[in-house]
Amino acid sequence: MTVKTRFAPSPTGYLHIGGVRTALFSWLYARKHHGKFVLRIEDTDRERSTQASVDAILEGMAWLELDYDEGPIYQTDRFDRYSEVINQLLAQGDAYRCYCTREELDAMREKQRANKEKPRYNGKCRNRSDAPEGLKSVIRFRNPEQGDVVIDDLIKGKIVINNQELDDLIIARSDGTPTYNLTVVVDDLDMGITHVIRGDDHINNTPRQINMMKALGAEPPHFAHVPMILGEDGKRLSKRHGAVSVLQYRDAGYLPQALINYLLRLGWSHGDQELFSRDEMIALFDLKDVNASASTFNPKKLLWINEQYIKTLPAEDIEKQLQWHLAEQQLDTRNGPALRDVIEAHRERAKTLKELAASIRYYYEDFESYDEKAVKKHFKTATPGILQHVLDKLRELDEWNAAALNKAIKQSCDELELGMGKVGPALRVAVTGTAVSPSLDVTLALVGRERTLERLEKAVAFAKSKYE
């Protein structure tokens with residue numbers, strides 16, 4: 001048997017992290033077993049589905065590098081197939097037309113509530129043979145009235161549902177369009193899905209879908225229901241907890257590798273290991289190790305993982321992901337030091353790519369003003385003389401590299417009879433405009449001879465105008 005999983009989002013909103021984790025688990029399971037992963041867009045809700053949501057799903061999957069072997073497959077392209085199956089169920093007697101009006105259904109449920117019964121369709125039209133003139137009908141699946149549905153869930157274990165707890169659900173609306181529970185059954189069977197990995201909010205749908213599959217003479221796939229993600233307050237994850245579009249994490253400066261790693265660990269573990277390469281994820285992941293209870297989303301942990309990836313990923317991988325942020329911040333890095341060298345110098349200090357992009361501008365563009373707090377703290381009456389001395393020393397250099405610069409700065413400190421704490425901060429502000437940068441020798445080497453000397457000249461003039 002070739003393992004085949006699927007991710008089937010509805011394009012009625014953004015792709016959020018709960019959906020991404022489900023997609024990740026499905027992708028990993030397929031890759032681990034050398035199977036296939038399918039992307040299916042469940043867009044039958046024509047009123048709420050939008051092209052913008054479809055685009056966001058595709059862009060999010062591409063950013064996360066969750067590649068699919070088949071798809072995207074759109075349900076709206078398969079309406080003829082759904083009609084064929086609906087007619088088959090009608091002909092078999094496993095579906096029937098229901099003419100109950102909205103008022104009748106409301107009254108039925110109100111009476112059930114008054115009797116403290118579970119609101120449900122009571123099967124009024126189950127054995128109806130007439131077709132009332134002028135009334136449109138929906139089509140309902142004739143759910144078995146006896147026996148149990150047994151789900152051997154790969155995460156939650158054995159789940160048993162008695163058929164008497166299930167009513168006859170609608171599989172086609174009065175306008176003929178199919179409903180979710182019908183389309184998902186047809187798609188999973190037609191596409192040969194062997195393992196359905198999805199959120200546990202679908203558990204109530206699963207027994208009905210299994211009964212439909214059996215009515216169609218098919219063997220149901222294996223099911224694995226992934227527990228939901230909760231906010232730190234124990235409530236269902238919402239926008240205020242971080243359940244925003246996955247692309248907003250990209251915009252905020254998170255690496256896709258970091259987000260994937262965090263979501264993997266959200267309900268799954270392998271000992272105490274925190275960070276995993278893609279190859280390790282595929283080799284180690286198993287549904288039996290997924291926690292059966294809900295997980296808690298921790299933004300601080302996600303940020304920590306992002307920091308670790310910025311520190312440890314190859315510079316070329318960081319460079320690739322940084323391009324989007326450079327474009328957003330309108331920073332052209334062609335006129336200046338090699339971007340990978342700058343990344344190497346700054347990776348220890350950056351928590352996000354957005355922050356990293358903002359912090360490296362002075363390598364590629366001259367700044368018009370200095371950080372006010374930095375000037376107030378580090379520029380004093382002696383600053384013009386200190387900076388002039390360093391400037392003269394640096395002009396004498398035959399080589400412009402970190403080692404030569406380090407030696408020249410130390411010689412300046414000795415000749416001025418000042419500690420690095422008196423010289424370094426002012427020099428840093430003069431060259432970068434801020435009080436924070438990598439070590440001075442590395443910073444000046446990357447900024448380059450011409451820019452460094454020009455900025456020191458301007459800083460001397462600025463300091464003189466301020467203090468002399």
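Select glutamate 274 in this predicted model, and then display the residues with which glutamate 274 is in contact once its neighbours within four places in sequence are left aside, namely Asn261, Arg265, Lys301 and Trp304. Glutamate 274 belongs to the loop between helix H8 (256-265) and helix H9 (278-284), and with a relative accessible area of 23% it is partly exposed. Turn on side chains here, and a polar contact of 3.2 Å can be picked out between the side chain of glutamate 274 and that of lysine 301. A distance drawn between the C-alpha atoms of glutamate 274 and asparagine 261 should read 8.1 Å, for two residues that stand 13 residues apart along the chain.

Go next to threonine 5, which sits in strand E1 (residues 4-7). Is threonine 5 buried or exposed? Its relative accessibility is 0%, so threonine 5 counts as buried. To see what surrounds the residue, select its contacts beyond four places in sequence: Ser26, Trp27, Tyr29, Ala30, Lys36, Phe37, Val38, Ile193, His195 and Ile197 are in contact with threonine 5. One of these, serine 26, deserves a second look at the level of atoms, since its backbone oxygen lies 2.8 Å from a polar atom of the side chain of threonine 5.

The next stops concern salt bridges, of which a search of the whole structure finds 34. Begin with aspartate 168 and arginine 126, whose side chains meet in a salt bridge with an N to O distance of 2.8 Å. This pair links distant parts of the chain, 42 residues apart, with aspartate 168 in the loop between strand E7 (157-162) and strand E8 (170-172) and arginine 126 in the loop between helix H4 (102-114) and strand E5 (138-141). Aspartate 168 is buried, at a relative accessible area of 5%, and arginine 126 is likewise buried, at 12%.

Then select arginine 250 together with aspartate 251, which form a salt bridge whose closest N and O atoms are 3.0 Å apart. Arginine 250 is buried, with a relative accessible area of 12%, whereas aspartate 251 is partly exposed, with a value of 29%.

Which residue forms a salt bridge with aspartate 366? The partner is arginine 451, and the closest N and O atoms of the two are 3.8 Å apart. Aspartate 366 lies in the loop between helix H13 (353-359) and helix H14 (372-378) while arginine 451 lies in helix H19, so this salt bridge ties together parts that are 85 residues apart in sequence. Aspartate 366 counts as partly exposed, at 44% relative accessibility, but arginine 451 is buried, with a relative accessible area of 15%.

To finish with the charged side chains, make one selection of Arg6, Arg40, Glu42, Arg78, Arg81, Glu84, Asp187, Asp188 and Asp190, which are linked in a network of salt bridges.

Stay with helices for the next view. Two packed helices are described by the angle between their axes and the distance between the axes. Show helix H17 (residues 420-432) with helix H19 (residues 449-467), and it can be seen that their axes come within 8 Å and cross at roughly 110 degrees. That crossing makes H17 roughly perpendicular to H19. The residues that meet are Leu427, Ala430 and Val431 from H17, and Thr452, Arg455, Leu456 and Ala459 from H19. Sorted by class, this contact of H17 with H19 has five nonpolar residues, one polar residue and one charged residue.

The last stops are in the backbone. Most residues other than glycine have a negative phi, and most peptide bonds are trans. Select glycine 71 and proline 72 and look at the peptide bond from the one to the other, which is cis, with omega near 5 degrees; proline 72 has its place in strand E3 (residues 70-74). Move on to lysine 116, in the loop between H4 and E5, where phi is positive, at about 60 degrees, although the residue is not a glycine. Lysine 116 has a relative accessibility of 80% and therefore counts as exposed. End at glutamine 330, found in the loop between helix H11 (315-328) and helix H12 (339-346), where a positive phi near 50 degrees again occurs in a residue other than glycine. Glutamine 330 counts as exposed, its relative accessibility being 68%.

Terms used: Residues numbered from 1 in each chain as written. Predicted model: local features only at pLDDT ≥ 70, side-chain atom pairs only at ≥ 80, totals over all residues. Heavy atoms only, no water. Axes fitted to C-alpha atoms, helices over the stretch in contact; angles between N-to-C directions. Helix = DSSP H or I, 4+ residues; strand = E, 2+ residues; numbered from the N terminus. Parallel < 35°, antiparallel > 145°, perpendicular 65-115°, else oblique. Contact = heavy atoms within 4.5 Å. Nonpolar A, V, L, I, M, F, W, Y, C, P; charged D, E, K, R; others polar. Buried < 20%, exposed > 50% of the residue type's maximum accessible area, 1.4 Å probe, protein only. Polar contact = N/O pair within 3.5 Å; in protein donor to acceptor, adjacent residues only side chain to side chain. Salt bridge = Lys/Arg side-chain N within 4 Å of Asp/Glu carboxyl O.
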